[in-house]
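The exercises below are addressed to a reader new to this structure. Each consists of a task and a solution that proceeds step by step.

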Amino acid sequence: MRQLRALEPDFWRAPSAHNTQPWTLTYGDGQAAVGWDPARALPISDPTGRDLRLSLGAFIECCLIVCADAGLPVAYRPDPGPLRVGFLYGAERPYQTPFTTADVRARGANRGEYHAGRLPDDVAGALEGTRRLPCRDLADLLHAADLHQFGDGEVTRELRAWLRLTRRHRRYFLDGLSDRALALTRLEALGLRASLALYPALRRLGLPRALAGASRGLLDYDGDVLVLVGPVEEEVEMGRLLMRHWLTLSNLGYTTHPLSQIIDCPATRQELARRLGVADPRTLLHVARVGRPRAPATPSARLTDHETPARS
Ligand SMILES: Cc1cc2nc3c(=O)[nH]c(=O)nc-3n(C[C@H](O)[C@H](O)[C@H](O)COP(=O)(O)O)c2cc1C
């Protein structure tokens, strides 16, 4: 378990919604409980805990990969309990995975521009549990979902709490979404900060429309959107699968830009399910555009890079 602790900065490279890094590791006798910190959940924008469980799954997969690369025989067993999803424990042999710690370090979301071009069929076809659509087919749903998101004062307030739009923010290098990770210019970051600060006053004057308008052309190119479809009761396992998909894509030079708002908004989620011919809209677990980025993204911050995360 001491060896496990030393690897935490690489475990923490896992992705999480709003970069809240909600996971906790509580070390015990020969095992470590994987749980979450409720202060790092997103009760307003993620009321069902879907993104929380996907993020915990991604974290577990990262832990297993990093341990395997270090030669540590560690396995995971689900065992849900209060604020807990399961345990990492000492196993007979290391986790079998094609991925390495270097892969975990190299992966990152990229919200900038992508080159035109679809994923090759063999690459897309190998991503189990995913469905793919041309970007342009989802442009209308993205706009409707953005309007829904920014029209909701509570959701916008929760998002704002995780935005780090100036380097002067005291948590800029720890967690949340920085201006650079969001691929915003200084001016754009300043504009977003100012408009969100004035949100209550500007809401009726059309601020939600202006904010939603910012992503208007995002899907207006020849690219792909991937939708992860799977059982709702297996969201943690699906988070592990999502992590493997992102690493597969990253190793091939592709990056992803999640667009969860499309499945956070009930109307667009339902419409997406209809377009995909999926009977239960709840089984749409994740949506992201994917492609070859025009420029590398700035890596996002992690708690472990600068402070010891809370743990017992
Ligand atoms: C379940 C899940 C949902 C996410 N949803 C969004 C999203 O809707 N929009 C977005 O820009 N990023 C989204 N992300 C990406 C995270 O913001 C990102 O993983 C986090 O900021 C850490 O950055 P990194 O992936 O570059 O390491 C999501 C990530 C996860 C795991």
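## Exercise 1: Charged pairs

Task: Describe the salt bridge in which the side chains of Arg244 and Glu61 meet, with 3.1 Å from N to O.

Solution. Step 1. A salt bridge is a side-chain nitrogen of Lys or Arg within 4 Å of a carboxyl oxygen of Asp or Glu. The side chains of Arg244 and Glu61 meet this rule with an N to O distance of 3.1 Å.

Step 2. Arg244 belongs to helix H11 and Glu61 to helix H3, so the pair links distant parts of the chain, 183 residues apart. Helices (H or I, at least four residues) and strands (E, at least two) are DSSP runs, numbered from the N terminus.

Step 3. Arg244 counts as partly exposed, at 25% relative accessibility, whereas Glu61 is buried, at 0%. Here buried means under 20% relative accessible area, exposed means over 50%, and partly exposed lies in between (1.4 Å probe, protein chains only).

Before continuing, note how the values arise. This is a predicted model, in which local features need pLDDT of at least 70 and side-chain atom pairs count only at pLDDT 80 or more, while totals for chains, interfaces and linings use all residues. Residues are numbered from 1 along each chain as its sequence is written, and side-chain values use heavy atoms, with hydrogens and water left out.

Task: State how many salt bridges the rule yields, and examine Arg240 and Glu61 among them.

Solution. Step 1. The count comes to 22 salt bridges.

Step 2. In the salt bridge of Arg240 with Glu61, the closest N and O atoms are 2.8 Å apart. This pair also links distant parts of the chain, with Arg240 in helix H11 (residues 235-251) and Glu61 in helix H3, 179 residues apart.

Step 3. Arg240 has a relative accessible area of 11% and is therefore buried.

Step 4. A further salt bridge joins the side chains of Arg84 and Asp79 at 3.4 Å, N to O. Arg84 is partly exposed at 23%, and Asp79 is partly exposed at 29%.

Step 5. Salt bridges also link Arg40, Arg164, Arg171 and Asp175 in a network.

## Exercise 2: A buried acid

Task: Which side chain of opposite charge is nearest to Asp103, and how far away is it?

Solution. Step 1. Asp103 is located in helix H4 (residues 101-106).

Step 2. Lys and Arg count as positive and Asp and Glu as negative; His and the chain ends are not counted. On this basis the nearest side chain of opposite charge is Arg105, 10 Å away, and Asp103 is buried yet has no salt bridge.

Step 3. A polar contact is a pair of N or O atoms within 3.5 Å; within protein, one must be able to donate a hydrogen and the other to accept it, and residues adjacent in sequence count only if both atoms are side-chain atoms. The side chain of Asp103 reaches the backbone nitrogen of Thr100 at 2.9 Å, and a polar contact of 3.3 Å joins the side chains of Asp103 and Asn251.

## Exercise 3: Aromatic rings

Task: How many aromatic pairs does a search of the whole structure find?

Solution. Step 1. Rings of Phe, Tyr and Trp (its six-membered ring) pair if their centres lie within 6.5 Å; planes under 30 degrees apart count as stacked, over 60 as edge-to-face and the rest as tilted. The search finds five aromatic pairs.

Step 2. One of them is the edge-to-face pair of Trp12 and Phe59, 5.3 Å centre to centre with 85° between the planes. Trp12 lies in the loop between helix H2 (8-11) and strand S1 (23-27) and Phe59 in helix H3 (residues 50-69), so the pair ties together parts that are 47 residues apart in sequence.

Step 3. Both Trp12 and Phe59 are buried.

Step 4. Tyr172 and Phe173 form an edge-to-face pair as well, at 5.0 Å and 75°. Tyr172 is buried at 4% relative accessibility, whereas Phe173 is partly exposed at 44%.

Step 5. Ring pairs also link Phe11, Trp12, Trp23 and Phe59 into a cluster.

## Exercise 4: Positive phi

Task: Where does Gln21 lie?

Solution. Step 1. Most residues other than glycine have a negative phi. Gln21 has a positive phi of about 50° although it is not a glycine.

Step 2. Gln21 lies in the loop between H2 and S1, and is buried with a relative accessible area of 1%.
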